[in-house]
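Trainee: Could you take a close look at one part of this model with me? I would like to begin with a pocket lining and then follow the thread wherever it leads.

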Amino acid sequence: MSQSHSAPGGSVELDANGLPLGFLLPPGERRVTRFEVRDDGIAVITLDRPEKLNAFDERMIREMRALIWQASFDDAIRVLVITGAGRAFCSGRDINGLDYENNLPTQQYRAYVRANHELFDDMEALEKPIVAAVNGIAAGGGTEMAIASDFRIIAQSASFLLPENQLGVLPASGACSRLIQMIGIGRLKEMVLAALPIDAQRAYDIGLATRVAPDATFMDEVFAFCRILLQRAPLAMGMAKHIINTCQNVDTETGRILERLGQSILIGTADNHEGMTAFREKRPPHFTNR
């Protein structure tokens, strides 16, 4: 990404790979994340502050937003995995950042933390599946990052925790709003009011975790699940993700309208034609994201 050029007409600046620069950062400017795009279409973001249990700061938020942007426009990326370096997934907001933001006037505080919220909104809006590979503790904002993902595969020894009550506050970056429909009001209150940790098996039992995997084979099982997603129709997954997320916040009649609108677009795609043809011919489909 060291060189850039303009798209025809000169209004959009592109990087050396033809991606719109937007939020992109040159790889050399990434300091707290690692990024790998594998040959099979799976990309991996590794949160890389192991000495801080991958607590996120302003820098990590910026780097992650840049990588989500890249994933949106890079056709080589079909599935995105987020995991942590070392023994933690993500321990939440860096306490040093909290010291700063908590002393801002209220209106500036709301503006400052919106960037954090927008990262998680970016994750929800990405029209490609995101798998949170929860390899260790996911605390506070780390839990909120995981629930902004589409799937949560958790290592047997990992756990979720919302400890904000012990600081005299509440988890305010999506835990209350996203988790209430995911696990129910009673279980959410257990996590928020009692601030009790949720181990891997209980996380699976209450619907917080998609799958639980043994520590020894954890990433192998993450990638095995990702390979299942690679076999599915990309446009249909992206459309379904938007509609499912939106249907959490609308009435059922509006939801059915959204379903019909989404389907009316998908039936005209080459992937729909290929899926129908493959079904009739009793063979696996070969989707092309078109």
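Mentor: Happy to! In the second largest pocket, the lining splits by class into 9 nonpolar, 4 polar and 7 charged residues. Please keep in mind as we go that this is a predicted model. The space in the second largest pocket comes to about 390 Å³. Its lining is made of 20 residues, and those closest to the centre are Ser-149, Asp-150, Lys-241, Ile-244 and Asn-245. Four elements each give two or more residues to this lining: H4, strand S9 (151–155), helix H5 (175–183) and helix H9 (234–247). H9 gives the most, with 6 residues.

Now set that beside the largest pocket, which holds about 810 Å³ of space. Here 36 residues form the lining, and Arg-93, Leu-98, Glu-101, Asn-116 and Ser-173 lie nearest the centre. The elements with two or more residues in this lining are H1, helix H2 (95–101), helix H3 (106–125) and helix H4 (141–148). You will recognise H4 from the second largest pocket, where it also gives two or more lining residues. In the largest pocket, H3 gives the most, with 6 residues. By class, this lining has 18 nonpolar, 9 polar and 9 charged residues.

H1 is a handy thread to pull next. Helix H1 covers residues 58–73, and Met-64 is part of it. Is Met-64 buried or exposed? Its relative accessibility is 0%, so Met-64 counts as buried. Beyond its neighbours within four places in sequence, Met-64 is in contact with Thr-33, Leu-47, Ile-82, Leu-119 and Met-145. Take Ile-82 from that list: 18 residues separate it from Met-64 in sequence, while the C-alpha atoms are 9.8 Å apart in space.

Two of those contacts of Met-64, Leu-47 and Ile-82, bring us to the strands. Leu-47 belongs to S4, where it points one way together with Ala-43 and Ile-45, while Ile-42, Val-44 and Thr-46 point the other way. That fits a broader pattern: side chains in a regular strand alternate between the two faces of the sheet. Strand S4 (residues 42–47) is largely enclosed by the rest of the structure, because 6 of its 6 residues are buried. On one side of the pairing story, S4 and strand S3 (residues 33–37) are antiparallel, with 5 bridges, and Val-37 has Ala-43 as its bridge partner. S3 and S4 make a hairpin with 4 residues between them, and Gly-41 in the turn has a positive phi of about 100 degrees. S4 also runs parallel to strand S5 (residues 79–84), joined to it by 6 bridges. Ile-45 has its bridge partner in S5, namely Ile-82, which you met as a contact of Met-64.

One last stop is Asn-135, in the loop between strand S7 (130–134) and strand S8 (137–139). Asn-135 has a relative accessible area of 17%, and anything under 20% counts as buried, so Asn-135 is buried. Its side chain reaches the backbone oxygen of Gly-86 at 3.3 Å, and a polar atom of that side chain also lies 3.3 Å from the backbone oxygen of Ala-88. Among the other contacts of Asn-135, outside four places in sequence, are Thr-83, Arg-87, Phe-89, Ala-155 and Phe-218.

Conventions:
Residues are numbered from 1 along each chain as its sequence is written. This is a predicted model: local features need pLDDT of at least 70, side-chain atom pairs count only at pLDDT 80 or more; totals for chains, interfaces and linings use all residues. Side-chain values use heavy atoms; hydrogens and water are left out. Buried means under 20% relative accessible area, exposed over 50%, partly exposed in between (1.4 Å probe, protein chains only). Contact means heavy atoms within 4.5 Å. On a 1 Å grid over the protein atoms alone, a cavity is a set of points where a 1.4 Å probe fits but cannot get out, and a pocket is an open set with protein on both sides within 12 Å along at least five of seven lines; lining residues have an atom within 4 Å of a point. Grid points are joined across faces, edges and corners, and a volume is the space filled by probe spheres set on the points. Ala, Val, Leu, Ile, Met, Phe, Trp, Tyr, Cys and Pro count as nonpolar, Asp, Glu, Lys and Arg as charged, and the others, Gly among them, as polar. A polar contact is a pair of N or O atoms within 3.5 Å; within protein, one must be able to donate a hydrogen and the other to accept it, and residues adjacent in sequence count only if both atoms are side-chain atoms. Two strands pair if DSSP finds at least two bridges between them.
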